[in-house]
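Please open the model in your viewer and keep the sequence panel beside it. The tour below goes from one selection to the next and says what is found at each stop.

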Amino acid sequence: MSDRAEESLEGAEQVRYDQARYVEDGQYEPLLSEKDLTRVDIGDTGSDADGSDDGASADSPLPDDLTRDSLELPELSEPELARHYTRLSQMIYGIDSGPYPLGSCTMKYNPKFTEDVAALPSGAVHPDRSERSIQGTLEVLYRLQDYLGRIGGMDAVTLQPPAGAAGEFVGIRVAAAYHEHNGEGHRDEVIVPESAHGTNFATAALGGYDVVSLPSDDDGRVDLDALEAALSENTAALMLTNPNTLGLFERDIEEIAEMVHDVGGLLYYDGANLNALLGRARPGDMGFDVMHYNVHKTFATPHGGGGPGAGPVGVVDELAPFLPAPRVREADEDGEGDESTYELFDPEQTIGHVHGYQGNWLVLVKAFAYIARLGDEGLTDASAKAVLNANYLASQIEYDVPYEPFHHEFVASAGDQDAADVAKRMLDYGVHPPTTKWPEIVPEALMTEPTEIESKDTLDRLAAAFNAVVDEDDATLEAAPDRTTARRIDQTAAARSPRLSWHALDDADER
Ligand SMILES: *Cc1c(COP(=O)(O)O)cnc(C)c1O
């Protein structure tokens, strides 16, 4: 380990230690609702004169049991409030605190200028306004459709789906509508590689298809013999990501496309790994017919915790009539030579609406601003750095990386260690861990994507954290993390029985 890396590791430990003190010294930061509460009278809410509680009161259209006449509010000074939130922000780890190499998720720092663009007052247009009065909005959407089409090598794009997974669903429904239209509605199978993201299997199943799982070959790529065996006149589509989830480029992609097309199937591109290809190669040129873009991964928008995002879908000409409605196009020229105008339209055989209006507008604005700012050169530079950073980091860590040469991410193996424990232990060294235990082809997978934005110093710090954990024993790993504010959280319980009220737990029953 270089001196520099060791120094930064010590620095990281110091920061973590300070945070751990919140817990050890009993300095846990209570919720505002756990602080001194003052009952504030909010006046007469207008209960019915007869005291009945079965309907709306005289002044309020709400039923009585949904109205209240007093409210418990914490009584705090401004500094107390500012410190509360500052304190909370110091107890968590986010992309603004350090590297976040969560493979496949592309958790990169997103430039704040895209937030500024999204916050412009002129961006807050009501979507029900007349087309004439929102020409600027429509132009941004039109140009984004165009940018994405050119980046992916696709002929037509819808911006509606609100996430990559939603984009997959749209793509598969569009494929189904296309087959149906051609009298090929009997096609009932979608082929998905074993190493694919879970959403691919879910999409195929939710789209009404039987899922045919495709094994990888010894190199970690699509096994052509297995593909040949899986393909038939029942194949509706093959879903692939390229580079695949091991970060490996599918070298036989043209042959794969030909094989799928020969049986009348469609080739679906999962765009989550587009970061590796930006400005260099296009799914459309490889033979893909339909793809989604995870704009929150490849372009800008901080994400995580399930949102927000956008998953535009691009298709080749043959599939364009089936895209969700509405899309944006240039309005017919009026022949007077003035500026272009834009209008919404429903594709002729549309599968319908999949989201209100145009999808997550403010996320789309950020993607537009990001692409426009970086331009061709910037996007090409981003993919170069994403690949360089992944390769540099992999060269610095002592964990084995079984599959190469990879692109923007790599999958290391934790070997005899439990990858989930390794992840928890890395938190103690002040960095966010990689994605773990997936793809399953690599035992105890540590799927790592440093992204294009990290400096060499940060990559060294990440490597130092990996290398600090590599020789640690099971007992140490199982006890980790011991320097974070919260330790091992019961995530299942948190998801199954969330506390959605701000009231303290012990009086939740009364409310
Ligand atoms: C993130 C991801 C998805 C799903 O995208 P969301 O935007 O999170 O819904 C699909 N496939 C791969 C490979 C991914 O990494």
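Throughout this tour, two residues are said to be in contact when they have heavy atoms within 4.5 Å of each other. The model is a predicted one.

**First stop: H5 and H6**

Select helix H5, residues 164-181, together with helix H6, residues 198-206; their axes come within 9 Å and cross at roughly 40°. Because of that angle, H5 counts as oblique to H6, and the crossing of the two is right-handed. Now show side chains for Ala165, Glu168, Phe169 and Ile172 in H5, which meet Thr199, Asn200, Thr203 and Leu206 in H6. Sorted by class, the contact of H5 with H6 has four nonpolar, three polar and one charged residues.

**Second stop: the cavities**

Keep Asn200 of H6 displayed, since Asn200 also belongs to the lining of the second largest cavity. The structure holds two cavities of 30 Å³ or more, and the second largest has a volume of about 50 Å³. To see its walls, add Ser104, Ala196, His197, Thr241, Thr245, Asp270, Ala272, Asn273 and Trp438 to Asn200; by class, this lining divides into three nonpolar, six polar and one charged residues.

Turn next to the largest cavity, in which about 100 Å³ of space lies. Of the 15 residues that line the largest cavity, select Pro193, Ser195, Leu240, Asn244 and Glu250, which lie nearest its centre. The full lining of the largest cavity divides into six nonpolar, seven polar and two charged residues.

**Third stop: unusual backbone geometry**

Select asparagine 242 and proline 243, which are joined by a cis peptide bond with omega of about -5°. Proline 243 lies in the loop between strand E6 (235-240) and helix H8 (253-262).

Another cis peptide bond joins tryptophan 438 and proline 439, where omega is about 0°. Proline 439 is found in the loop between strand E13 (435-436) and strand E14 (445-448), while Trp438 has already been met in the lining of the second largest cavity.

Then select threonine 301, which has a positive phi of about 130° although it is not a glycine. Threonine 301 lies in the loop between helix H10 (295-298) and strand E9 (313-315).

**Fourth stop: H4 and H11**

Select helix H4, residues 135-152, and helix H11, residues 361-396, whose axes come within 10 Å and cross at roughly 50°. That angle makes H4 oblique to H11, and the crossing is left-handed. On the H4 side, display Thr137, Val140, Leu141, Arg143, Leu144, Tyr147, Leu148 and Ile151, and on the H11 side Trp361, Leu364, Ala367, Phe368, Ile371, Ala372 and Leu379, which they meet. By class, the contact of H4 with H11 has 13 nonpolar, one polar and one charged residues.

**Last stop: H12 and H13**

Finally, select helix H12, residues 419-428, and helix H13, residues 456-469, which pack at an angle of about 125° with their axes 9 Å apart. H12 and H13 are therefore oblique to each other, and H12 passes H13 in a right-handed crossing. Val422, Arg425 and Met426 of H12 make the contact with Ala465, Phe466 and Val469 of H13. Which classes of residue does the contact of H12 with H13 have? By class, there are five nonpolar, no polar and one charged residues in the contact of H12 with H13.

Methods. Residues numbered from 1 in each chain as written. Predicted model: local features only at pLDDT ≥ 70, side-chain atom pairs only at ≥ 80, totals over all residues. Heavy atoms only, no water. Axes fitted to C-alpha atoms, helices over the stretch in contact; angles between N-to-C directions. Helix = DSSP H or I, 4+ residues; strand = E, 2+ residues; numbered from the N terminus. Parallel < 35°, antiparallel > 145°, perpendicular 65-115°, else oblique. Left-handed = near helix turned anticlockwise from the far one by under 90°. Nonpolar A, V, L, I, M, F, W, Y, C, P; charged D, E, K, R; others polar. 1 Å grid on protein atoms, 1.4 Å probe; cavity = no way out; pocket = protein on both sides within 12 Å on 5 of 7 lines; lining within 4 Å. Points joined across faces, edges and corners; volume = space filled by probe spheres on them.
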